[in-house]
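Please look over the sequence and the model below. The paragraphs that follow go through helices, single residues and aromatic rings in turn.

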Amino acid sequence: MTIKKEQVDIVIVGFGWTGSVMARELSETGLKIVALERGEQRDTYPDFTYPRIVDELTYGIRLKLFQNISKETVTIRHTPGSKAYPYRRLGSFLPGDGVGGAGVHWNGLLWRPLESDLKVKTTITEKYGAKFIPADMTVQDYPFTYAEMEPYFDKFEKICGASGQAGNIQGKIIEGGNPFEAPRSGDYPNKPLKDQYAGQIFRNVVKNQGYHAFSGPAAISTGGYTNPYGVQMGACNYCGFCERFGCFNYSKASPQTCVIPALKQYSNFELRPHSHVLRVLTDSTGKKATGVTYIDANGEEVEQPASLVILSAFQLHNVRLLLLSGIGKPYNPDTGEGVVGRNYAYQIDGAAKLFFGKEVYFNHFAAAGASGVYIDNFNGENFDHSDVGFIGGGSISAHATGARPIQQMVLPKGAPNWGSGWKQSIKDNYLHNMSVGSSASVMPYKQCFLDLDPTYKDAYGLPLLRMTYDWQQNELKLTQFLAGKVENIVKELNPLSYSMGFKNLDSHYDVRPYQSTHTTGGAVMGDDPRTSVVNKYLQSWDVPNVFVLGACCFPQNIAYNPTGIVGATTLFAADAIKSQYLKNPGPLVQR
């Protein structure tokens, strides 16, 4: 038996960054809003309080804040012709679960895209010709310009209490910032995070090599700060427990830190945790959503009627909900037709581990999740691609997120794996190592996509999402190129020893080691319904009262962490809903 709830104006599915920001923006309208989050309720107090949250075994190893993949997971295969198998142990990526979603456990790197990131296809074609793009690469432009989005990048940074050093304010290049960044309307709300010693020596070396070093932009407050929603944030104390942990200090931006407190004043907003949405319901035409069905905390199936449905779950979950709900035509890799599941991309990275003598100390335990010094000389179109043999680029950095004793214990090659020799190696190396790494873009391909698995089902009998993905030669050539640049930096840093951890040209995607949770695509935004699921306002082309938010809308994956674009496009969509859609419900862009 299905329980039917009273009609509401807006239902929001998922309550991480996108869901919470959208709820806060739309609550001002006075409309009745219900947010459905399948995980548990969580807040800074009591869930992230010290010392309980700095428990590496519980949160870093046993992954308390993440999705329970025994109930729902994805299946993965390398090629369309191979068999997919379930992702049974969290490794390569870590979808969040519970109120706050992935916005709780992230490291807080908050980037704006390069201008060329938003117009990749146009930029490449104009500079190198259309034939420069491989035949199987389905790269496309974003449906807006950087100038359109700049006010929303600015607003989201202010909501997050972001810290950093601007490199380009209204076209004026600022010393110490990133000279390659797109023009900003103003500086960051807070000064940059402090350099660690690794960042200081990296900064000196890359300057000697002619590069432009800058502190990484962080959604971490470095001073007392009140955001535009009236929520107060505290100064970071560099505790070393950002990644995989909630912030007990109200410093790292998260829905709990920056948004949810401001929602408590709105009686027209209701949050329902333990509400697992199964599908979006549509009328007999399939062109209008009528609400959603979900399983509540008691295991009962509930129908929630609504006039407007907003999908704001994790990237993979949004795509699966569209497929399960029959919204949009599923992508067919054989014909190239269809859009839902198209343009899936991940992110490719690599790092060198450096080991120094006992006279050189790196106190990484005193770090923030976004502590790091970067160069962008080889990112995007910041360098000439004529003779490199690939499209895209990446940032290079000396970046450390902490020095947790279980997961971040770094030992040189040849060190014993157990016993007294292992203990001695830990003692010899714990304070005397650093890393230099890269994070690179990944382009989309015809053969990399998401669809519903024909074999495996979740705990409710619904098909799992199937991921067809492998590294392509373009990205492997790119990461090898960056590895060469990294090794040149490493050699000048002059460690006692180092090891290189970069993929080679024969590498295949491996789900076992953690790499990043920067999964994108599957519900791409664009100007053409034949190659996109949603328009520039993140509104479904096929069902106009459904909006789809988040990294699922990215046409391809940039080298940076996705949260900056995710937050800005959510604010952009919220403005369009308030100023246009609610006044005249229907398509905001004509097909």
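Which residues are buried in α11? The buried residues of this helix are Gln 315, Leu 316, His 317, Asn 318, Val 319, Arg 320, Leu 321, Leu 322, Leu 323, Leu 324 and Ser 325. This is a predicted model, and the statements here should be read with that in mind. Because 11 of the 11 residues of α11 are buried, the helix is largely enclosed by the rest of the structure. Gly 326 follows α11 and has a positive phi, near 70 degrees.

One residue of α11, Gln 315, is touched by Thr 520. Thr 520 is found in the loop between β21 (497-501) and β22 (546-548). With a relative accessibility of 0%, Thr 520 counts as buried. Not counting residues up to four places away in sequence, Thr 520 also touches Asn 343, Tyr 344, Ala 345, Ala 551, Phe 554, Gln 556 and Asn 557.

Tyr 344 leads on to the aromatic rings. The structure holds 35 aromatic pairs. In one pair, Tyr 142 and Phe 144 have ring centres 5.7 Å apart and planes at 40 degrees, so the pair is tilted. Both Tyr 142 and Phe 144 are buried. Another pair is formed by Tyr 331 and Phe 449, with ring centres 5.8 Å apart; their planes stand at 65 degrees, so this pair is edge-to-face. The Tyr 331 and Phe 449 pair links distant parts of the chain, 118 residues apart: Tyr 331 is in the loop between α11 (315-325) and β15 (348-355), and Phe 449 is in strand β19 (residues 449-457). Tyr 331 counts as buried at 8% relative accessibility, and Phe 449 is buried with a relative accessible area of 2%. Ring pairs also join Tyr 344 into a cluster with Tyr 87, Phe 93, Tyr 346, Tyr 469, Trp 471 and Tyr 509.

Next come the helix pairs. Two packed helices are described by the angle between their axes and the distance between the axes. Helix α8 (residues 197-208) packs against helix α13 (residues 473-493) at an angle of about 115 degrees, and their axes are 10 Å apart. That angle makes α8 roughly perpendicular to α13. The crossing of these two helices, α8 and α13, is right-handed. On the α8 side, Ile 201, Phe 202, Val 205, Val 206 and Asn 208 take part, and they meet Ile 489, Glu 492 and Leu 493 of α13. The contact of α8 with α13 has six nonpolar residues, one polar and one charged.

How do α1 and α14 lie, and at roughly what angle do their axes cross? The axes of helix α1 (residues 17-27) and helix α14 (residues 563-581) come within 9 Å and cross at roughly 30 degrees. That makes α1 roughly parallel to α14, the cut-off for this class being under 35 degrees. The crossing of α1 and α14 is right-handed. From α1, the contact is made by Trp 17, Thr 18, Val 21, Met 22, Glu 25 and Leu 26. From α14, the contact is made by Thr 563, Val 566, Thr 570, Leu 571, Ala 573, Ala 574, Ile 577 and Lys 578. By class, the contact of α1 with α14 divides into nine nonpolar, three polar and two charged residues. An α-helix has 3.6 residues a turn, so residues three or four places apart point the same way.

Two further buried residues complete the tour. Tyr 146 lies in helix α7 (residues 146-160) and is buried, with a relative accessible area of 7%. Leaving aside neighbours within four places in sequence, Tyr 146 is in contact with Arg 112, Pro 113, Glu 115, Leu 118, Phe 153, Ala 182, Pro 183 and Arg 184. Of these, Ala 182 is 36 residues from Tyr 146 in sequence and 7.8 Å away in space, C-alpha to C-alpha.

Ile 295 is in strand β13 (residues 289-295) and is buried, with a relative accessible area of 11%. Beyond its neighbours within four places in sequence, Ile 295 is in contact with His 274, Ser 275, His 276, Leu 278, Glu 300, Glu 301 and Tyr 460. Met 233 is 62 residues from Ile 295 along the chain, and the C-alpha atoms of the two are separated by 35 Å.

Terms used. Residues numbered from 1 in each chain as written. Predicted model: local features only at pLDDT ≥ 70, side-chain atom pairs only at ≥ 80, totals over all residues. Heavy atoms only, no water. Axes fitted to C-alpha atoms, helices over the stretch in contact; angles between N-to-C directions. Helix = DSSP H or I, 4+ residues; strand = E, 2+ residues; numbered from the N terminus. Parallel < 35°, antiparallel > 145°, perpendicular 65-115°, else oblique. Left-handed = near helix turned anticlockwise from the far one by under 90°. Contact = heavy atoms within 4.5 Å. Nonpolar A, V, L, I, M, F, W, Y, C, P; charged D, E, K, R; others polar. Phe/Tyr/Trp six-rings, centres within 6.5 Å; stacked < 30°, edge-to-face > 60°. Buried < 20%, exposed > 50% of the residue type's maximum accessible area, 1.4 Å probe, protein only.
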